[in-house]
Every structure is written in structure tokens, then in C-alpha cells.
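I opened a fresh page to walk through this one from the overall fold down to single side chains. My notes follow in the order I looked things up.

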Amino acid sequence: MANGLDEMNDEVLEEGRDVNVINKRIPVTVGKGSLVFEIILWVLGILPGLIFLIMKVKAKNYFQQLEQKLQHHASQIDNYMEQRVEVLQNCARLLEKAVDLDKSTFTEIARYRSGSASERDAQRNEVAGEIDSFANNVKIAFENYPDLQSHKEIADAMKQNMYLQREITAARELYNDAINTWNRDIFAWPTKQIVAAKNGYTTRIPFATTFEIKKQARGVFF
């Protein structure tokens, strides 16, 4: 049998293709077949019905634990972002450049922690974009004054910024891994999907980079 995808002979997408995260939450639903399935289990006897009921309780507990895991990973991103803001603000003061960071950034960081789960994903992306923009302004100011690059405190602050950015990237990967697990398992029929539909669960939106960062990634650096 021939390969389904032939990298040597099949058509090649030479112009490339950009990939974006779709900002859409898909609700979990089940059809009448799932209801019939549960009824059949009880018709077959009390034991099959009780076993499936226990499985549904375990599935609900699993989703609750997974939500706490998502919260933990999200909190790590928040903490690193707040640390990065403090480092960048300190660096901006050292550079004596009036790089203004909108105070709403901190308001957003506090607000999406206490908001609903459906809102936090989008808000976290927005705040990350503001911080990235702020970091870019500080970097430009830093590069415009080469003599200051030898200043130990400034150099240390920029190193801390790079370290925190790497930590944020790692934390985002853990968060997105958990998001992927959630989005996959809520459609695992029968037990998990039935429980997810009953509780009104939807898919969650993974962390995505900003348009500004994507634009910079396409630029020429050397």
C-alpha cells in the first residue's frame, strides 16, 4: 500500500501557511443515543447501572482535579508575568527612560484571577501582549544607549527578564498541555463526555502569542 502522504511526489505548499489559535469554545453535547445507552445499562440490571454511576462520579472528580491543575499552571504564568513586570519597570527606571506601563495591566492581572474560567484565557493573552509590548519598549531604550549596557544592575535586570521569559514559555507549555488534556477528555465517550455535557463543560482556549510577537518573528534580525 502506498503512503498516504508522499513528500517526494505530492503537491507542496511552497508559499507556506500561517497557523493561529482559534478563539472559540465548543460546548460538549450528547445525543439520544447516550440516554438510551444509560437506560439499557439499568435495564440489564442494577449492577451495570451502579457501575456506570460510579464511573460518572469518578469522571466528575477527574475533571474537578484537572481544573485545579489548570488553575495551578495558570497561576504560575501569572506569577512569572508579574515578576517580569517588576523587573522591566526596575530596568526602565535604571535607564531613566519614561517607559509608561498602563496601570490597567495590574488591574487585568488581578481581575482575570477572580473572573470566570471562560474569561481568563482571553484576558491572560491580552495582558501577556501588553507585557511583551512593554518589554519591547525597554529593550529598544536599552539598545539605544550602548554605554549603559555595561552597567551591572541594568545588565542583571535584562538577564532576569530573559530568564523570566523562558520560565513563562515553559509554564505556558504546561498550561497548554493541561488544556489539551481537558479538550480531549471532555469528548471521550461515553462516561466523560456524558458527564461533561451534563455539567455544561466546553473546550478551553490554549495560550497563544500576540500579533505583535508574530510580526517580530517574521522580521529580519541580522
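**Fold.** Before counting elements I fixed the rule: helices are DSSP runs of H or I with at least four residues, strands are runs of E with at least two, and numbering starts at the N terminus. With that rule I get seven helices and zero strands. Reading from the N terminus, the order is α-α-α-α-α-α-α. I'm keeping in mind that this is a predicted model.

**Confidence.** I checked pLDDT next. The chain mean is 80, and 76% of the residues reach 70 or more. Where is confidence lowest, and where is it highest? Helix H3 (residues 104-114) sits at the bottom with a mean of 53, and H6 is at the top with 97. Two stretches stay under 50. Residues 97-102 are one of them, and there the model has 11 contacts beyond four places in sequence. Residues 114-118 are another, with three such contacts. I'll read both stretches with care.

**Whole-chain numbers.** I noted that 32% of the 222 residues are buried. The exposed area comes to about 14700 Å², with carbon and sulfur atoms supplying 56% of it. For contacts between residues at least 6 apart in sequence, I find that 77% join residues at least 24 apart.

**Cores.** Which residues touch the most other members of the largest nonpolar core? I get Phe63, Met81, Tyr175, Trp182 and Ile186, out of 25 residues in that core. H2, helix H4 (117-143), H5 and H6 each give two or more residues to it. H2 gives the most, with nine residues. I also found a second, separate core of six residues, which includes Val87, Cys91, Ala157 and Met158.

**Surface patch.** On the outside I looked for nonpolar area. Trp42, Ile46, Leu50, Leu53 and Val57 make a patch of about 480 Å². Helix H2 (residues 46-95) supplies its largest share, four residues. I picked Val57, which lies in H2, to check its cover. Its relative accessibility is 46%, so I file Val57 as partly exposed. H2 therefore turns up in both lists for me: it contributes most to the largest core and holds the largest share of the patch.

**Salt bridges.** How many are there? I count four salt bridges. One is Glu38 with Lys56, side chain to side chain, at 2.7 Å from N to O. Glu38 is in helix H1 (residues 32-44) and Lys56 in helix H2, so this pair ties together parts 18 residues apart in sequence. Are the two partners buried or exposed? Both Glu38 and Lys56 are buried.

I then went to Asp185, in helix H5 (residues 152-185). Its closest N–O distance to Arg184 is 3.2 Å, and I logged that as a salt bridge. Lys192 also bridges to Asp185, with the closest N and O atoms 3.8 Å apart. With the shared partner, Arg184, Asp185 and Lys192 join into one network. The cover varies across it. Asp185 is buried because its relative accessible area is 7%, and the cut-off for buried is under 20%. Arg184 has 49% and is partly exposed, and Lys192 counts as partly exposed at 25%. Leaving out residues up to four places away in sequence, I see Asp185 touching Tyr62, Phe63 and Lys192. Phe63 I had already met among the best-connected residues of the largest core.

**Around H6.** I stopped at the peptide bond from Trp189 to Pro190, which is cis, with omega near 10°. Pro190 is in the loop between H5 and H6. Most peptide bonds are trans, so I flagged this one. In H6 (residues 191-198) the buried residues are Thr191, Gln193, Ile194, Val195 and Ala196. Gly200 follows H6 and has a positive phi, near 70°.

Last stop was Ile205, in the loop between H6 and helix H7 (211-217). At 5% relative accessibility, Ile205 counts as buried. I took its C-alpha distance to Asn183: 8.9 Å in space, for a pair 22 residues apart in sequence.

Terms used: Residues are numbered from 1 along each chain as its sequence is written. Side-chain values use heavy atoms; hydrogens and water are left out. Patches are made of residues with over 30% relative accessible area and no salt bridge: like charges are joined within 9 Å, nonpolar side chains (Val, Leu, Ile, Met, Phe, Trp, Tyr) within 5 Å. Accessible areas come from the Shrake-Rupley method with a 1.4 Å probe; for residues, only the protein chains shown count as cover. Buried means under 20% relative accessible area, exposed over 50%, partly exposed in between (1.4 Å probe, protein chains only). Contact means heavy atoms within 4.5 Å. pLDDT is the predictor's confidence in each residue, from 0 to 100. A nonpolar core is a set of buried Ala, Val, Leu, Ile, Met, Phe, Trp, Tyr and Cys residues joined through side-chain atoms within 4.5 Å.
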